[in-house]
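This briefing introduces the charged side-chain pairs of a structure that may be new to you. Please keep the sequence and the 3D view at hand while reading.

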Amino acid sequence: MAQGLELSVTDFQSTWNNVQHHTEEIRSDYLIVRRGQAFNIILYFRGRGFQPGLDNIIFVADTGPLPDLAKGTRAVFSLADHQSPSPWMASLETNRATSLEVSLCAPPTAAVGRYLLKVHIDSFEGSIMAYQLGEFILLFNPWCPEDAVYLESEPQRQEYVMNDYGFIYQGSKNWIRPCPWNYGQFEENIIDICLELLDKNLNFQTDPATDCALRGSPVYISRVVCAMINSNDDSGVLNGKWSENYSDGTNPAEWTGSVAILKQWHATGCQPVRYGQCWVFAAVMCTVMRCLGIPTRVITNFDSGHDTDGNLIIDEYYDSTGRILENKKDTVWNFHVWNECWMARKDLPPGYGGWQVLDATPQETSNGLYCCGPASVRAIKEGDVDLSYDTAFVFSMVNADCVSWLIHEGKEQRLHRDTNSVGNFISTKSILSDERDDVTENYKYEEGSPQERQVFLKALQKLKTGGSQGHYRADSQPSRPMPLSQDSPRSLDRSSLRPSDVIEVSLKFQLLDVPNMGQDIRFVLLAVNMSLQFKDLKVNLSAQSLLHDGSPLPPFWQDTAFIKLFPEEAKTHPCQIPYSQYSQYLSTDKLIRISALGEEKSSPEKILVDKIITLVYPTIVINVLGAAIVNQPLTIQVIFSNPLSEPVADCVLTVEGSGLFKKQQRVLIGVLKPQHRASITLKTVPFKSGQRQIQANLRSNKFKDIKGYKNVYVDLTL
């Protein structure tokens, strides 16, 4: 009688498999594979080898707490039977005297997550033996043409899946600055934290079997992750805060990477980390999505609309000094940051796959949860705001119209309607380069073109007929009561003339110097008379700090100019705001909004002009001393300075970089004298080869985010 086949040990060949599956950066001692692509394991037997026809080997792959064949969270598939109903496959590679190499393959639609692999060995007339072979992780596969996240271009896969650092664009449309960021999606324990994040989502908590079964869908996973990055509904990763007091946490401007945030969330038993704002939410979401295998990039939209009442109009209110008044509903964010994730959209008509907007910043609810998207970028461009998910809300962020109102003696006077001020210089990091890529044309037709207005009207019509999906309503009230006048702010059938066209005077601000932090701000107001009549102008000027979400702080500088202009004459009115005047009013966003409200004695019309100034810091300089080689000591010099003409205290320098530092380095500097320049040297041992980046941040009691970065190529050997 034949002896039953006994398994002695299994080799998952994780080092070799992980290289084939582009997961060796995560780890090499644990099997991490991608769906739709085969991986090989070796079974070693005791006593005798595998005999085809005599022995039958059946594999079982389970994921989630309640594996179920019907739901697709349990797969049962045989080595011999290729007629098996299971989409999972096993085939014999090499049969040796006492070992068997087997090729296994998960279907390109399988649920992602942690799996337990088991085997049942049924020998002829022998007993059936069952063994647990071990655990492995299954990820999305952008290299597999049958996977919903398939991306054809290898340079794009390298940038949007494999690159672990990048830039997030901040500032204003007049001064776009790259903020270096350590995504670190392959750093130690990050994949485990990403899987923990999936298990903390509300759907898993209430119905884990269904949640796990849906994890094969990138649309589903992206909505789950989007809701979990903020903590508004759940024990999500980040608490959002838009104010000036961050004393019980970290100022959002100080972060330089996602790894410290995710590790803190995990270490504290999934307590939300304080604090995040839009770029932090988007950066952490980028880390999680790239780790799971979904191609993802971070997008910045300058002058981003936040229209809460669904009429595609953002109302802004000003007083007679030209200062902007706080509007609790509609706002224009100086910049707003979200993600694009690449996926097929089988749930939408053909042509709407590709890049999808996901916005983890908690602004509005979507089907009851604080998440936004995936919204097809193509649908946004075409005005198809009725397509899932939250397309109308994203459309308003890039293409709402702006109406300016003057509030004077309790009455509202409409100043003008601007059809092209929202959605500018939509930016992301270029592929395999440090340059900025402008992707505005992916989101909308050129401002002022007939197509752009046609799409706007199409979107508005769909909203009015209730065709919008999700939370967005077109029939809700405007931000303030509408003035009872013929010139309704909602009428789209006539284009409104700007007051400057009526008065025939142009006002414009021009900076005289780079607005360096710590120095006086010098600028002029340029007034041009475009008519053949004499003009007598009174202009109220003011300056106020802004938060990046558009919230204004009280004005700290005001001036009045009386300007007399002969026909076709131009004049400049010089202005100066001393550092001593703006320093105590500055927000951490370093934004100052200067505005001028002009009126001509013979006309009731008023002209409003404004400019947002972003104050500039000196950057941190990072020098790498010597060649960077894996497992060899490396010395790094960091040079930084206090840009202010006053001492600063509580200075802390943080330095990090995936593959270069095992964890974020914090150096307590203490006090820096006025204009003082200092340097420190750090020693580290690089542990990963290839292109790497060092990110640094200097904070003090007077400033929070002086940043710098340095790209480093790490060689394997000398």
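The points below concern salt bridges and the surroundings of the residues that form them.

The model is a predicted one, and it holds 36 salt bridges. Side chains of opposite charge can pair when their charged atoms come close.

**A pair between two loops**

- The side chains of R35 and D147 form a salt bridge, with a nitrogen-to-oxygen distance of 2.7 Å.
- R35 belongs to the loop between β2 (32–34) and β3 (39–46), while D147 belongs to the loop between β9 (128–139) and α2 (154–162), so this pair ties together parts that lie 112 residues apart in sequence.
- Both R35 and D147 are buried.

**A second buried pair**

- D55 and R48 also meet through their side chains in a salt bridge, for which the N to O distance is 2.7 Å.
- D55 has a relative accessible area of 6% and is therefore buried, because buried means under 20% relative accessible area.
- R48 is likewise buried, its relative accessible area being 11%.

**A partly exposed pair**

- A salt bridge joins D513 to R522, and their closest N and O atoms are 2.6 Å apart.
- D513 counts as partly exposed, with a relative accessibility of 34%, and R522 is also partly exposed, at 35%.

**A network**

- Salt bridges can also be followed through a group of residues, since D384, D386, K458 and K462 are linked in a network of them.

Conventions. Residues numbered from 1 in each chain as written. Predicted model: local features only at pLDDT ≥ 70, side-chain atom pairs only at ≥ 80, totals over all residues. Heavy atoms only, no water. Salt bridge = Lys/Arg side-chain N within 4 Å of Asp/Glu carboxyl O. Helix = DSSP H or I, 4+ residues; strand = E, 2+ residues; numbered from the N terminus. Buried < 20%, exposed > 50% of the residue type's maximum accessible area, 1.4 Å probe, protein only.
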